[in-house]
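The following exercises are to be worked through with the sequence and the coordinates at hand. Each task is followed by a solution in steps.

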Amino acid sequence: MMLNNIIDTVWVSGLGPNAVAGLGFVSPVYVAFIGLANGLGAGANSLIGRYISAKKYENA
């Protein structure tokens with residue numbers, strides 16, 4: 001993720017300082033959204049696994 005943000009910053013730097021400032025603002029928001037999505041995905045996988053192991057297939 002961080003390598004992607006660095007590459008984006010290098011690429012966008014040709015567009016001017018406002019574009020780089022925009023990336024600086026959006027990058028932490030992007031990281032927060034990715035972290036939230038990863039947490040929800042891990043929780044959903046855990047819940048589905050518990051339902052399958054309890055043989056509650058309709059809930060899974």
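Helices here are DSSP runs of H or I with at least four residues, numbered from the N terminus. The model is a predicted one.

**Exercise 1.** Determine in which helix S27 lies, and whether S27 is buried or exposed.

*Solution.* S27 belongs to helix α2. A residue is buried under 20% relative accessible area. The relative accessibility of S27 is 17%, and S27 therefore counts as buried. As a further step, identify the polar partner of the side chain: it reaches the backbone oxygen of L23 at 2.8 Å.

**Exercise 2.** Compare the span of α2 with the expected value, then locate its kink.

*Solution.* The expected span is 1.5 Å times one less than the number of residues. Because α2 has 37 residues, it should span 54 Å, and its end C-alpha atoms are indeed 54 Å apart. The kink, of about 30°, is at V26, shortly before the proline P28. Just after α2, K55 adopts a positive phi of about 60°.

**Exercise 3.** State which residues form the nonpolar surface patch, and which helix gives the largest share.

*Solution.* The patch consists of M1, M2, F25, V26, V29, Y30, V31, F33, L36 and L40, with about 1000 Å² of accessible area together. Helix α2 (residues 17–53) supplies the largest share, 8 residues. M1, by contrast, is found in the segment before α1 (2–12). Since its relative accessibility is 46%, M1 counts as partly exposed.

How values were computed. Residues are numbered from 1 along each chain as its sequence is written. This is a predicted model: local features need pLDDT of at least 70, side-chain atom pairs count only at pLDDT 80 or more; totals for chains, interfaces and linings use all residues. Side-chain values use heavy atoms; hydrogens and water are left out. Patches are made of residues with over 30% relative accessible area and no salt bridge: like charges are joined within 9 Å, nonpolar side chains (Val, Leu, Ile, Met, Phe, Trp, Tyr) within 5 Å. Accessible areas come from the Shrake-Rupley method with a 1.4 Å probe; for residues, only the protein chains shown count as cover. A salt bridge is a side-chain nitrogen of Lys or Arg within 4 Å of a carboxyl oxygen of Asp or Glu. Helices (H or I, at least four residues) and strands (E, at least two) are DSSP runs, numbered from the N terminus. Buried means under 20% relative accessible area, exposed over 50%, partly exposed in between (1.4 Å probe, protein chains only). The bend at a residue is the angle between axes fitted to the seven residues ending there and the seven starting there. A polar contact is a pair of N or O atoms within 3.5 Å; within protein, one must be able to donate a hydrogen and the other to accept it, and residues adjacent in sequence count only if both atoms are side-chain atoms.
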